[in-house]
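Here are my notes on the model you sent round. Please read them with the structure open.

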Amino acid sequence: LESLTFAWPSGKALRRFADQRLAKRGGFIHYSKMIYRMISWATIGLTSAILVGCGSGETQENSSNTSSSVNEAGSTSKPKKILKITVGAEPEDVDPHVVTGVPEHHIIAALTEGLVAEDPVDLHPVPGVAKKWDISEDGKVYTFHFRENAKWSNGDPVTANDFAMSFKRILTPALASKYAYMLFVMKGAEDYSSGKLKDFSEVGVKALDERTLQITLNAPTPYFLSLLNHYTWFPVHIATVEKHGGMTKRGSGWTKPENFVGNGAFTLNSWQLDRMLVVVKSKTYWDAATTKLDEIHFRPIQLETTQENSFRAGQIHNIYNLHIDKIGTYLANHADELHIKPHLASYFYRFNVTRKPCDDIRVRKALAMAIDRESLVKNVTKGKQMPADFFTPPGVAGYTARARIGGNVEEARRLLAEAGYPDGKDFPSLELLYNTTEGHRIIAEAIQQMWKKNLNINVTLQNQEWKVYLDRQREMDYQVSRAGWTGDYPDPNTFLDMWTSWSQQNQTGWSKPDYDALIRKASVTKDPAERLEIFQQAEEILLDEVPIIPIYIYTRIYALHPAVKNWHPNVLDHHPWKHVDLDLSKLD
């Protein structure tokens with residue numbers, strides 16, 4: 001190439017060429033590298049086109065925020081609105097019935113829509129696939145009436161049977177969905193999931209006709225409509241799933257871009273593992289006129305420093321998790337980009353109570369009491385988090401836990417000695433598992449030092465990338481594990497029912513019949529005050545048995561480019577994508 005002599009086109013023309021080839025061939029990385037190598041070889045000074053190598057293996061894309069296309073007449077159409085963001089880790093999958101993570105939620109919410117949707121400001125339920133619904137007088141029967149123009153991305157109509165069969169799939173034991181328990185509010189759902197009930201027609205979901213779905217609950221459930229906005233309740237395209245391995249096969253080919261069929265505001269265009277997942281505006285979505293963005297590029301950048309480097313270079317429009325050490329800098333110099341908002345989420349550590357020494361309640365209590373939570377949030381996390389020796393965030397639907405674990409170093413030492421380890425002597429090996437981010441590492445190191453100082457015990461730290469970390473937790477291959485739980489809906493039940501014996505999210509090996517009975521009782525209790533009192537009793541058991549160590553209540557600490565519009569802060573950190581917009585005049 002260096003020996004060739006000809007007139008090089010302008011940088012804009014090269015970018016247009018790359019975009020055209022991308023549109024025709026469906027791949028970004030090959031053509032972006034080709035174009036920018038050509039630019040580099042020609043020593044053209046295009047400072048907006050820089051590829052940055054990332055420590056986690058990501059390949060950064062052109063920092064330009066828009067692209068244009070050329071129509072048949074040769075004129076340039078208006079620039080595309082392309083939102084470029086990171087949601088942290090590489091998604092485990094985009095199958096709504098097998099995943100459990102927050103990164104997955106953000107992507108699936110772009111690709112799939114449930115019976116109801118969320119208001120972009122306060123997240124109250126609004127019509128989704130269902131244009132309206134009726135609720136019986138006793139509050140147990142919901143009848144959903146579908147939109148005539150609700151379609152899948154392949155043009156098929158979205159039907160009531162799609163939802164009924166999707167619910168059957170989630171509840172089928174062979175799929176082993178970790179969120180199946182969220183459907184247990186439906187009549188017969190728990191018995192079908194456990195295998196006690198064989199006939200799915202006896203479960204409380206019926207397709208009355210193609211456009212009408214009826215759901216019968218065990219008891220009135222005041223948060224039911226909000227519950228429907230969790231991706232577990234989202235439908236899958238049955239014919240596509242069956243074509244690629246069947247309804248109960250996990251990790252099948254139906255979620256590959258060339259096979260994926262969704263019903264959301266966006267469709268899956270490409271997915272390059274550990275690099276980028278691209279969704280594009282759906283032409284078949286019933287509310288396509290509302291969708292502002294042309295594309296969203298999701299980048300799996302786990303390390304906070306790499307996120308910030310990409311953000312400052314203009315290659316992404318957000319920092320999903322701002323590094324602890326950068327909060328002060330952003331407060332001083334980038335206040336228009338920094339956001340610190342309340343978040344309905346709890347940061348905690350799990351115990352595997354089936355493994356020594358965590359099988360001893362005295363050891364668990366000692367570890368829990370030896371943590372100085374006040375010091376941790378003041379000197380380590382520094383993001384206005386609330387130190388918490390309780391689990392459920394306060395104020396959720398009028399509930400604030402009265403039970404506390406309490407920080408008490410002397411009592412912690414006494415309990416450890418009573419367990420056979422005075423002053424930490426002969427304490428067995430203990431490993432703390434966390435998923436790879438700098439923030440989790442810093443917190444783990446601080447708690448490791450507290451345990452050494454206060455209990456004279458040595459704890460080793462083990463970090464794993466997101467998918468491996470999740471697998472180890474599910475397989476109970478850990479002793480102590482970092483965890484976080486974001487509420488799926490604004491009710492204390494979303495924090496407390498996960499510790500029942502039937503919850504696939506428990507993953508501690510702990511269960512208590514008295515606790516199970518209280519959660520079941522709360523699910524059928526109509527009186528609000530009595531229901532909250534039942535939750536109080538349940539959380540008292542949870543904190544007395546200590547299968548977990550509550551540490552703090554989250555805040556969301558992130559940076560967002562001022563060009564991103566309609567990104568409303570809320571306690572669940574949900575941002576319905578069809579409402580999000582870009583002000584191109586504010587982009588470089």
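**Notes on the fold and its packing**

1. Burial first. Of the 588 residues in the chain, 57% count as buried. Bear in mind that this is a predicted model.

2. Overall make-up. The chain holds 17 helices and 19 strands. Take the contacts with a separation of 6 or more: residues 24 or more positions apart account for 69% of them. The exposed surface of the chain comes to about 24,000 Å². Carbon and sulfur atoms supply 49% of that surface.

3. Nonpolar cores. The largest nonpolar core has 160 residues. Inside this core, F144, F167, M186, Y349 and W451 have the most contacts. Helix α13 gives the core its largest share, eight residues. A second, separate core has 10 residues, among them I301, I319, I327 and A559.

4. W451. What does W451 touch, leaving aside its neighbours within four places in sequence? Its contacts are Y349, L367, A370, I371, N456, I457, V459 and I549. Y349 also appears with W451 among the residues with the most contacts inside the largest core.

5. The α12 and α13 pair. Helix α12 spans residues 409–418, and helix α13 spans residues 438–455. The two pack at an angle of about 75°, their axes 10 Å apart. Angles of 65 to 115 degrees count as roughly perpendicular, so α12 is roughly perpendicular to α13. From α12, the contact uses V409, A412, R413 and L416. From α13, K453, N454 and L455 take part. By class, this contact has four nonpolar, one polar and two charged residues.

6. Helix α3. Is α3 enclosed or open to the outside? Eight of its 10 residues are buried, so α3 is largely enclosed by the rest of the structure. The buried residues are P103, E104, H105, H106, I107, I108, A110 and L111. Their cover includes β8 (266–272), β9 (276–281), β10 (295–299) and α14.

7. Helix α14. This helix covers residues 466–474. Here W466, Y469, L470, R472, Q473 and R474 are buried. Which elements do the buried residues of α14 pack against? They pack against α3 (102–111) and four strands: β12 (338–351), β14 (431–435), β15 (460–464) and β16 (480–486). Just after α14, M476 takes a positive phi of about 60°.

Key: Residues numbered from 1 in each chain as written. Predicted model: local features only at pLDDT ≥ 70, side-chain atom pairs only at ≥ 80, totals over all residues. Heavy atoms only, no water. Axes fitted to C-alpha atoms, helices over the stretch in contact; angles between N-to-C directions. Parallel < 35°, antiparallel > 145°, perpendicular 65-115°, else oblique. Contact = heavy atoms within 4.5 Å. Nonpolar A, V, L, I, M, F, W, Y, C, P; charged D, E, K, R; others polar. Buried < 20%, exposed > 50% of the residue type's maximum accessible area, 1.4 Å probe, protein only. Areas by Shrake-Rupley, 256 points an atom, 1.4 Å probe, with all protein chains shown as cover. Core = buried A, V, L, I, M, F, W, Y, C linked by side-chain atoms within 4.5 Å.
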